[in-house]
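Reader: Could you pick one part of this model and take me through it slowly, ring by ring and neighbour by neighbour? After that, I'd like to know how it sits in the rest of the chain.

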Amino acid sequence: MTTGQADQAGQTNQAGQTDQPGPGGVSPAAGRGAARSLTTLLTCAMAFSMMQLFLLGALGPRLVADLGVSPAVLGLTTTVGFATAAVLSPLGGRVVDRVGPRRCLVALLAVAAVALALIGLAPGSGFLLAAVALGGLPQALANPATNKAILAAVPPARRGSVTGMKQSGVQLGAFAAGLPLAALAGLTGWRGAVWTAAGAAVVAAVWAARALPADPPPKSTPAVWVPRGMVAWLMVFSLLLGCGIASVNTYVALYGTERLGLGATAAGALVAVLGVSGIVGRLGWSKLAGRPDRAVWLPGSLAGGAVVAALLLAGSTSAMPLVWVGALAIGVFAVAANAVSMVLVMQRAAAGRAGQDSALVSAGFFAGFAVGPPLFGVLAEAGRYHGGWLLVAGEFAGAAVVALLWSTRERRSAVRS
C-alpha cells in the first residue's frame with residue numbers, strides 16, 4: 001500500500017469510527033504495539049527539531065559573554081530560526097509526501113546534528129545566525145514527517161494520543177536544554193553542551209534509520225502552495241496562536257523579574273510551569289481529539305481558554321499570584337491547541353497530501369513565532385507589560401473567532417450533506 005493510500009485508509013477509518021486493520025494490513029493490536037515503539041522516536045525528533053533555539057535561550061548569557069554578541073542579536077536568532085522554518089515548511093511538506101517519512105526523519109535528525117555542531121563552532125554572530133538558519137530545515141520537516149509516520153504506522157484510534165505525546169517532545173526539548181544541558185555547560189562550557197546535543201542527534205538519526213519502516217518508492221505529488229479549505233482556516237488560526245504563545249514564552253520570565261519582583265530562579269520556574277502544563281495539555285486534549293466530532297470544536301474552545309489565561313497574566317500586575325495560574329493555563333489551553341490542530345490535519349488531509357497540509361499549517365504557526373515577540377517587545381521596551389498581555393489576549397481571541405467560524409461552517413456543511 002502506498003503512503004497516499006495509507007492516508008486515505010486512515011481517513012476512512014476515522015470517519016467510520018471502526019476498528020479495522022491499519023495501513024499495510026496491520027491488526028489493531030499490532031498497530032498499538034507499533035505505536036508504542038514509534039512514539040519515543042517521534043518525540044525525540046520533535047525535541048531535536050527545536051533544540052537549537054532552546055539551547056540558545058538557556059545558554060544565552062554564556063554566549064553573550066564568550067562571543068561578544070549583543071542581546072539584540074541573541075533575540076534575532078529566534079526570529080531567524082522561525083522565519084526560515086516558515087519559508088521552508090511548504091517545500092518541506094512536499095518533500096515528505098514525495099520521499100516518505102523515514103528518509104525525512106533521518107534527514108531531520110542529521111541536519112539538526114550539523115546545525116548544533118556548527119553553533120558549537122561559531123566564532124561570532126554572523127556564523128551563529130547562519131547555523132541557526134540551517135536549523136530551520138529540521139523545524140520545517142518535523143510536523144510533516146512525524147504526522148506522515150503516524151498515518152503510516154498507527155491505527156486511527158491511537159493517532160490522537162500518539163500525536164499529543166510526540167508534540168510534547170517540543171516541551172521535553174526545552175526541559176533538556178534548560179536543565180541537564182545547561183548544567184553540563186557549567187562543567188564543560190557552552191560549546192561542550194551544544195556538541196553533546198549534536199552527538200545525541202547523531203545517535204537518534206542512526207536509531208531512526210534502523211527502526212523506522214521503509215518508505216515506499218519516491219513518487220511525484222502535485223504541489224500545493226496555496227492553502228484552501230480547512231488548511232487555510234487552520235493556518236490563520238495557527239498564525240494568531242503562535243503570536244501569543246511566542247510572546248508568553250519570550251517575555252513571561254522577564255516580566256516576572258522586572259514587574260513582579262521575582263528572583264531569577266522563580267522567574268525561570270514560570271517557564272517550567274508553562275512547559276509542564278503544555279505537556280499535560282497536549283497529551284489530554286489530543287487524546288480527546290481522537291474523535292473527529294469532538295476535534296472540530298476543540299481549537300475554538302482551547303483558544304477561548306487561552307484568552308482567559310492571558311487576561312490572568314494581565315491581572316497579575318495587580319495581583320501577583322495570578323501569574324502562576326496564567327502560566328499554567330497558557331500551557332493547558334494555548335500550547336495544547338497546536339497539537340489538536342495537527343490531529344485535525346491528519347484526520348482530514350487529502351490522500352497523499354498529509355505532509356504538505358501539515359507543513360502549511362506549521363508555516364502559519366512558525367510565522368506567528370517570528371512576528372509575535374517583536375510586537376510584544378515594543379510594549380515591553382516601554383514597560384507596558386499590561387498592554388502586552390492584552391495584546392496576547394487579543395491574538396488568542398482572534399484565533400478563537402477563526403476556529404469557531406470554521407467549526408460552524410463545518411457543522412452546516414455536515415447538516416446539508
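Author: What follows starts with one helix and its partners, then steps back to the rest.

Some housekeeping before we dig in. This is a predicted model, where local features need pLDDT of at least 70 and side-chain atom pairs count only at pLDDT 80 or more, while totals for chains, interfaces and linings use all residues. Residues are numbered from 1 along each chain as its sequence is written, and side-chain values use heavy atoms, with hydrogens and water left out.

Let's zoom in on helix α4, residues 71–99. Helices here are DSSP runs of H or I with at least four residues, strands are runs of E with at least two, and both are numbered from the N terminus. The residue to watch is F82, which is buried at a relative accessible area of 5%. Buried means under 20% relative accessible area, exposed means over 50%, and partly exposed is in between, using a 1.4 Å probe and protein chains only.

So which rings does F82 pair with? A quick word on the rule: rings of Phe, Tyr and Trp (its six-membered ring) pair if their centres lie within 6.5 Å; planes under 30 degrees apart count as stacked, over 60 as edge-to-face, and the rest as tilted. A search of the whole structure turns up eight aromatic pairs. In one of them, the rings of F82 and F366 sit with centres 5.9 Å apart and planes at 40°, so the pair is tilted. F366 belongs to helix α17 (residues 354–381), and the pair links distant parts of the chain, 284 residues apart. Like F82, F366 is buried. F82 also forms a tilted pair with F369, at 4.7 Å centre to centre and 40° between the planes. Since F82 is in α4 and F369 in α17, this pair ties together parts that are 287 residues apart in sequence. F369 counts as buried too, at 10% relative accessibility.

Now move along α4 to A86. At 18% relative accessibility, A86 counts as buried. Setting aside neighbours within four places in sequence, A86 is in contact (heavy atoms within 4.5 Å) with A363, F366 and A367. From C-alpha to C-alpha, A86 and A367 are 5.6 Å apart in space, yet 281 residues apart in sequence. F366 therefore turns up twice in this story: as a ring partner of F82 and as a contact of A86.

T84 is also in α4, and its contacts take you elsewhere. With neighbours within four places left out again, T84 is in contact with A133 and G136. T84 is buried, with a relative accessible area of 19%.

Next, a serine in another helix. S341 is in α16, and its relative accessible area is 0%, so it is buried. Not counting residues up to four places away, S341 touches L234, S238 and V361.

What about the core? The largest nonpolar core has 113 residues, and L55, F237, W389 and F396 have the most contacts inside it. Helix α16 (residues 322–348) gives the most to this core, with 13 residues. A nonpolar core here is a set of buried Ala, Val, Leu, Ile, Met, Phe, Trp, Tyr and Cys residues joined through side-chain atoms within 4.5 Å. Beyond its neighbours within four places, F237 is in contact with P299, A303, A337, A399, V402 and A403. W389 has another role as well: ring pairs link Y251, Y255, F376, Y385 and W389 into a cluster.

Helix α8 (residues 156–167) is worth a glance too. Its twelve residues reach 17 Å from first C-alpha to last, close to the 16 Å expected at 1.5 Å a residue; that expected span is 1.5 Å times one less than the number of residues. Nine of the twelve are buried, so α8 is largely enclosed by the rest of the structure. R159 and K166 are among those buried residues.

Finally, the wide view. The protein chain has 18 helices and zero strands. Of its 417 residues, 53% count as buried. Long-range pairs like those of F82 fit a wider pattern: among contacts between residues at least 6 apart in sequence, 84% join residues at least 24 apart.
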